[in-house]
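Please look over the sequence and the structure shown below. The paragraphs after them go through confidence first, then the fold of one chain, then the contact between chains, and last some backbone details.

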Amino acid sequence: MLVVVVTGASVNADDAEAWRTRFSQEIQPMLAQKCLDCHSEDDASGEFDLTMYMRPDQLLETIDVWERIARRVRNGEMPPADSEALTDDERAAMLGWVDNAPRDESCRQLASDESQRWYRGHVMSRRLTRFEYNHAVRDLIGVDFGLANMLPSDGAGGEGFDTTGDSLFLSAIHFERYLAAADRVAGAVLSEDGNTQTPDLLMARQRLLAPGQDCESEEAAAEAIFVALASRAFRREVVADERERWMQWYRDARGRDEDHLAALRSLVTAVLVSPHFLFLVEVEPDEEGVRALTGHELATRMALLIWSSLPDQTLRERAEDGSLLDPSVARREVRRMLADPRSRALGERFAIQWLDLGSLGTGRRPDAERFPEFDPELAEAMRGEVIEFVVSMFRADASLLNLLDSNETYVNARLAEHYGLSGEFDDTFRQVSLDGLPRGGLTTMAAVLTNTSFPHRTSPVLRGGWLLERILGERVPPPPADVPALEEEGQALVSRSLRERLEQHRLRADCATCHDRIDPLGFGLENFDAIGRWRKDDGGVPIDASGRLPSGEVFDGPEELKQILLARRDQFVKHLTRQMLGYALGRPLNRFDQCVIDDTLKALQRQDYRASLLIEEIVVSYPFQHRFIKK
Amino acid sequence: MAHHRPQASISRRTFLHGAGVTLGLPWLDAMASGLRASTGPQPQPPRRLACLFFPNGVWQKDWIPQQTGREFDIPFALEPLADLRNDLLILSGLDKAHSRQGDGHYAKTANFLTGMPVEKTTGKNINSGGISLDQLVAQHVGSQTPLPSLELGTEPVISGVDSNVGYTRLYGSHISWQSPTRPVAKEINPRMVYERLFGAEDGSVAVGGQHQHLLDFVLEDAHRLRKRLGRDDQFKFDEYLDSVRAVERRIEFHQNRGPDQWDPQSSGLPAPPAPGLPDDFREHVRLMLELIVLAFRTDATRVSTMMFANDVSGRNFAFVDGVSGSHHELSHHENNPDRIAQYTRIVRWHAQQFAEMLRLMKSIPEGDGSLLDHSMILFGCGMSDGNRHDPNNLPIIVAGQAGGTITTGRHIASPKNTPLCNLYLSMAHRMGVDIDQFGDSTGELTEVDAG
């Protein structure tokens, strides 16, 4: 089934031309006058050479760069305070020009003959991540064997997620471990003596063997059991010749003196190490172009996105009868899947990677002497809060803006104690009200605050950088190598506050360019110590949590800082969408994907930023539903 | 075969002092019986290669000796190695020119052992410029041991991408590259390394002859599937095929041992380390280094790499006297004397762990000398000063004489712009790899030669 999408007869060619003309006539002269003094050629400020993006015929291809520029202008960060400002008219012209970029042109070009040469929307057939693998075995067999830690850890690529095919590698050790894990699972579920099994395993055994119950022969039973298992594991129908080969494998096992049960174990082991199970395969037909995914392929992408696992029975049925290809059915399925406990994966896998909390408590961690309260259990509780919070938002279909500020959060006994909350708590996470407390939303969660601190103290720089990057999607250039001497520890530490020292730092123009954006945001969170506890002073020095942004906006304390973030809600939601799309597609995004992001933002604006809509829009989007065939 | 008692000569601090356990050691048994049947002379001990990487550079004034040749004063950071000075070659002046471009860390770590340019990417076309030294050697000598090579570390792969500098952080987590485009996964769990080498306590091995048929079946199925994939996907899929074949090779290895193989004289195996990841970083590093020694001693492999930590590691080193901060933070010392003092103590701690490993290797007799005498242990980092991120004048030490082919006990200062890969070429030759060039080498580093 090959659907080649034909270019929508470039209806916007005239618009594009007008847009380019507008650049030459209005924007270019202004840039030359107000920006290029700093942003050109070798000594370009912030290592940003604007002249590289000013060729009229390439404006559209670099639209993402122009969007970034517009964002800095819109937020009042550029031109910087010590340079000549843009007039209101110039500012409006600049923003208007970027906002009116003829997007549709590039959206519709998706599969034109020309774009095929450089379209980078190819989703690689990849193996499952180690977490997807564990979830898949869990849902296939019905028991969580905790297999993820048997496998080496996975790296990340694309937009920063482990679902990116290009950055998922297989080494010799992987197959050793797949084999050992498969042996373990098959041996546990189909052990010689079923009577000694735990209730969980016994149930799993019965479920696995059930399809063969009424069969006339052992071989027929084996076949029924295999087909039921493999069609779930391989996420598709098992075809006839394939079935025959696998049954030959069963017969060969019997021929080697394995009894029925042992041969079944061999069959289960083989399914669990099969490339059809371990790899996410979307087969390419011979023709070039773009094809719509089959129902089963779409079901698999959806299950990996929302559950980090395999499709369930319902999803398979929707795939089988083709109804899943209907966007309204797909949307309904998304909502059903989000309500299912398996959607916890969105918190565990998506949110933790997006927020960069994976290494909390392992790599950089609070100093044990300074913060004896911090231990692995607390780290787990901190991470748990983020996961519960994000997952609950999706389950309740609440507003995405809750991520920025909320009156509620989720704590267990350990975290409640850490936060100083009163009430009855135990090991399980429970929703609590934060009314009247300065806490609420991701930015004031202990996991975030701890992970953006140094072992001995907070770091307004790390926290500010985190807010810019992870919440607002801004780029923060790395500090230059060989940073000049900065009066830091020792005597100075006693006499001067961290704020004074960092302000000293910002007197240097080359430091100020970036740190004027970064540091004030971080100072807004100074009321939280290096493990996220509320404080009013730091070693006797009262906390000053006020800040002034390059735009001139001022704030005092976390509550007012959050209001500033909320005012930039669309920038935040756009970034979140971008991240989720990158996670869903498992590849770096390109400018065509910007259309999906724009559409999603519009839909969210119309419907109160409903969380489920974010997933729905992505699932019904063109790049999620199609496969590009690369030749 | 009495391999139940630990060797007495080995330090009591090692996990070797634990109660001996009986393990299924298929290849040790096979070798012993093979040797009993053979009447020829005892073969020469094989050469071993380990490359140990530590992150975040060094304070050079405390690392590079002021004098060259044999008479040099041991600098502060290397003091823990003082009693081992006759087993060391301290090499200064070596450069990695291809790391001068690109980001501060990632472009200097991924190519620590390849010496070639690292592709700037957050995911597409991940490329470290070349095969790494250890993997090249493993391709040549790996067929003689159950495992071609062993890749170890203490931290999981750093997740995420650094969108500011435009690199995937994965680059900071891998020094072993099977090919320019394929990093080798590293193992960080000591117990699992042990079981991979010697099997589990219940006598079971992760892979064995019982899997032979399964592998045949899986491979056939995989080949069918491969044909239906797109070209790029086929490349990716080949990793799966290679992974299956590696297991197949390991099974076949035990079935094809010749009587002229090296007999590792293994009289005992230590008890396995406790399951799970050690809480204490010091313990973790010690276990990993001892596992390399153990793997070398038993000839389970002849090639290994170890990353003390991933690059940009922010580990808190407050456990070292005089240090109160994290590694990467302190490496950006900003020329502040107090920070430098802490930074250099962290480097010194790493040198101390290296020294412990060397002492252990020296205590294991082999042929006419010790295990260390037949090995080359490279110890170093892909940048020099952590504050400047320079890839010039890199901190590099080689310990061991590679079977009498290296004269140790010297500080060799190479002329400016001498490629680090010249050393790697010399090392590859000593491991029996017949090549004219490695990475950006311009010739052998003949100064290391014995003579």
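**Where confidence is low**

Over residues 487-495 of chain A, pLDDT stays under 50, and the model has ten contacts beyond four places in sequence for this stretch. The model is a predicted one. A second stretch of chain A with pLDDT under 50 covers residues 1-11, for which there are 20 contacts beyond four places in sequence. Where pLDDT is low, the predicted coordinates should not be read in detail.

Chain A as a whole has a mean pLDDT of 88, with 90% of its residues at 70 or more. Within chain A, helix α20 (residues 491-495) has the lowest confidence, with a mean of 43. Helix α14 (residues 327-339) of chain A has the highest, at 98.

**The sheet of chain B**

Chain B contains ten helices and 13 strands. Of its 451 residues, 58% are buried. Among the contacts in chain B with a separation of 6 or more, 70% are between residues 24 or more positions apart.

Seven strands of chain B form an open sheet with mixed pairing, in the order β3-β8-β1-β11-β12-β2-β13. The edges are β3 (150-153) and β13 (410-419) of chain B; each has a single partner strand, so one side of each is left without a neighbour in the sheet. From one strand to the next, the twist averages 15°.

At one edge, β3(B) runs parallel to strand β8 (residues 303-307) of chain B, and four bridges join the two. One residue to find here is B:L152, whose bridge partner in β8(B) is B:M306.

Towards the other edge, which strands pair with β2(B), and in what sense? Strand β12 (residues 396-399) of chain B pairs with β2(B) in the antiparallel sense over four bridges. B:I90 has B:I397 of β12(B) as its bridge partner. With β13(B), β2(B) runs parallel, and six bridges join them. In β13(B), B:P419 is the bridge partner of B:D95. Strand β2 (residues 88-95) of chain B has seven of its eight residues buried, so it is largely enclosed by the rest of the structure.

**Helix α5 of chain B and the contact with chain A**

Helix α5 (residues 212-227) of chain B has 16 residues. From its first C-alpha to its last it reaches 23 Å, close to the 22 Å expected at 1.5 Å a residue. The buried residues of α5(B) are B:L214, B:F217, B:V218 and B:L225. Seen down the helix axis, the buried residues of α5(B) fall within an arc of 95°, so they line one face of the helix. The face turned away from the buried side of α5(B) carries the exposed residues B:E220, B:H223 and B:K227.

What covers the buried residues of α5(B)? The cover includes elements of both chains: α9 (240-255), α10 (260-273) and α11 (275-278) of chain A, together with α6 (231-255) of chain B.

Across the whole interface, 66 residues of chain B are in contact with 66 residues of chain A. On the side of chain B that touches chain A, β7 (182-183), α5, α6 and α9 (337-362) of chain B each supply at least two residues. Helix α6(B) gives the most to that side, with ten residues.

**Backbone details in chain A**

Three places in the loops of chain A deserve a look at the backbone. A cis peptide bond joins A:M78 and A:P79, with omega about -10°. A:P79 lies in the loop between α2 (63-74) and α3 (88-99) of chain A.

A:D356 has a positive phi of about 60° although it is not a glycine. Its place is the loop between α15 (344-354) and α16 (376-395) of chain A. Is A:D356 buried or exposed? A:D356 has 18 C-beta neighbours inside 10 Å, and therefore counts as partly exposed.

A:D397, also not a glycine, has a positive phi of about 55°. A:D397 is in the loop between α16 and β4 (408-411) of chain A. Because A:D397 has 14 C-beta neighbours inside 10 Å, this residue counts as partly exposed.

Terms used. Residues are numbered from 1 along each chain as its sequence is written. Chains are lettered from A and ligands numbered from 1 in the order in which they are written. This is a predicted model: local features need pLDDT of at least 70, side-chain atom pairs count only at pLDDT 80 or more; totals for chains, interfaces and linings use all residues. The expected span of a helix is 1.5 Å times one less than its number of residues. A residue is buried if 20 or more other C-beta atoms lie within 10 Å of its own, exposed if 12 or fewer, and partly exposed in between; C-beta atoms are placed from the backbone. The arc is that of the directions from the helix axis to the C-beta atoms. Two residues are in contact if their C-beta atoms, placed from the backbone, lie within 7 Å. Two strands pair if DSSP finds at least two bridges between them. Axes are lines fitted to C-alpha atoms, for helices over the stretch in contact, and angles run from 0 to 180 degrees between N-to-C directions. pLDDT is the predictor's confidence in each residue, from 0 to 100.
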